[in-house]
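Please open the model in your viewer and keep the sequence panel visible. The tour proceeds from the whole chain to single residues.

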Amino acid sequence: MTKPRVVVTGRIPEPGLDLLREVADVWAWTSDEVIPTEVRDEQLATADYAVTLLTDRVDQAFLDAAPALRMVANVAVGYNNIDVPACRAGGVTVTNTPGVLTDATADLAMALVLMVTRRLGEGERLIRAGAPWQWGMFMMLGTGLQGRRLGIVGMGAIGVALADRARAFGMEIAYHNRSAVAPEVAERLGAIRLDLDELLSTSDVVSLNCPYSEATHHLIDADALSMMRSDAFLVNTARGPIVDEAALAVALRDGVIAGAALDVFEREPAVEEGLLALDNAVLVPHLGSATIETRTAMATLAARNVVAVISGDDPITPV
Ligand code: GLV
């Protein structure tokens with residue numbers, strides 16, 4: 001019997017490929033560059049399964065290039081790069097990688113909270129610029145976290161994991177989410193649920209941990225930023241277009257809010273020009289899940305989803 005053909009559109013850790021090779025003929029793009037569309041489409045023409053990255057747009061053109069496609073296994077928890085209704089209409093199963101990147105992403109979010117409130121990027125730039133400096137009682141004073149409110153927008157697994165970390169730093173937790181978290185989680189965190197306006201206007205740090213969709217496009221725009229306190233900080237480790245990046249640059253420049261730390265950008269990999277010169281903006285290149293352990297776990301979960309479906313089982317983590 002001929003083996004099913006799996007096309008992996010980006011470079012992923014070997015253990016994921018090894019699992020796929022046990023059950024399928026595997027073609028994998030081996031460069032860290034984004035795969036050129038012609039190469040991708042040539043491979044998709046005979047693909048039964050595709051393993052994709054968040055830099056792939058799985059839209060109608062992708063599906064049209066892959067007439068035999070049965071499944072797309074996205075190596076990411078977010079799947080806004082995938083037109084899920086179009087996949088459904090074409091009978092293509094979609095899976096993502098929830099769970100395995102929760103801790104890494106929450107760690108990164110907490111690191112950004114610390115970076116922006118303690119001005120660490122600014123301090124690093126100062127040293128690297130070779131400028132003279134000396135310890136000073138009032139030099140580069142930041143904001144302490146103890147007793148401050150962290151307002152989490154999107155209280156899924158990553159939001160809860162961030163809240164657990166923030167509690168260890170003495171923060172109090174508020175969240176905005178469609179549904180309430182389980183009572184035992186709310187109790188453990190001492191978390192209160194607020195509507196978005198109240199969360200924005202009462203939080204010392206606002207962290208975005210919600211999925212990106214039409215409903216969350218520019219959720220944080222000029223109006224939302226103006227509701228925040230002038231001494232408050234914004235952290236985004238979710239998806240760039242949740243924030244109106246141009247409006248954020250203006251708000252940071254004009255002191256509408258005190259600072260922002262971004263791991264994701266509206267037009268990734270481009271970054272809003274106005275942010276680059278601002279010392280109160282911490283900017284890192286989409287590193288939320290970027291540990292070798294986590295990326296390996298993501299790749300193997302995506303592969304296990306494909307293997308499950310090839311074996312006639314249900315996908316493990318369907319969208
Ligand atoms: C990373 O951004 C992911 O969605 O997994």
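The stops below begin with the overall fold and end in the loops.

**The whole chain**

Display the chain as a cartoon, bearing in mind that this is a predicted model. The secondary structure amounts to 13 helices and 12 strands. Along its principal axes, the C-alpha trace spans about 75 × 50 × 35 Å. The radius of gyration is 21 Å, which agrees with the value near 20 Å for a compact globule of 319 residues. Of contacts between residues at least 6 apart in sequence, 57% join residues at least 24 apart.

Next, switch to a surface representation. About 15200 Å² of the chain is exposed, and carbon and sulfur atoms supply 54% of that area. Of the 319 residues, 48% count as buried. If the charged residues are coloured by sign, the display will show 25 positive and 42 negative charges, whose mean positions are 4 Å apart.

**The two domains**

Select residues 5-99 together with 292-310, which the domain assignment gives as domain 1, and then 102-283, given as domain 2. How far apart are the centres of domain 1 and domain 2? Taken over C-alpha atoms, these centres are separated by 31 Å. Five residues from domain 1 and four residues from domain 2 take part in the contact.

**The loop between β9 and α10**

Zoom in on H217, located in the loop that runs from β9 (205-208) to α10 (222-227). Is H217 buried, partly exposed or exposed? Its relative accessible area is 38%, so H217 is partly exposed. Show the neighbours of H217 as sticks: leaving aside residues up to four places away in sequence, H217 touches Y212, P241 and I242. I242 lies 25 residues from H217 along the chain, yet their C-alpha atoms are 4.7 Å apart.

Move on to H218, which also belongs to the loop between β9 and α10. H218 has a relative accessible area of 22% and is therefore partly exposed. Its backbone merits inspection: phi is positive, at about 50°, although H218 is not a glycine.

**Two further loops**

Select P269, in the loop between β11 (259-262) and α12 (273-276). The peptide bond that joins E268 and P269 is cis, with omega of about 5°.

Finish at H286, in the loop between β12 (281-283) and α13 (292-310). What is the sign of phi at H286? Phi of H286 is positive, near 45°, in a residue other than glycine.

Definitions and conventions:
Residues are numbered from 1 along each chain as its sequence is written. This is a predicted model: local features need pLDDT of at least 70, side-chain atom pairs count only at pLDDT 80 or more; totals for chains, interfaces and linings use all residues. Side-chain values use heavy atoms; hydrogens and water are left out. Helices (H or I, at least four residues) and strands (E, at least two) are DSSP runs, numbered from the N terminus. The radius of gyration is taken over C-alpha atoms; the globule rule is 2.2 Å times the number of residues to the power 0.38. Buried means under 20% relative accessible area, exposed over 50%, partly exposed in between (1.4 Å probe, protein chains only). Contact means heavy atoms within 4.5 Å. Accessible areas come from the Shrake-Rupley method with a 1.4 Å probe; for residues, only the protein chains shown count as cover. Lys and Arg count as positive and Asp and Glu as negative; His and the chain ends are not counted. The place of a charge is taken as NZ of Lys, CZ of Arg, CG of Asp or CD of Glu. Domain bounds come from an automatic or database domain assignment.
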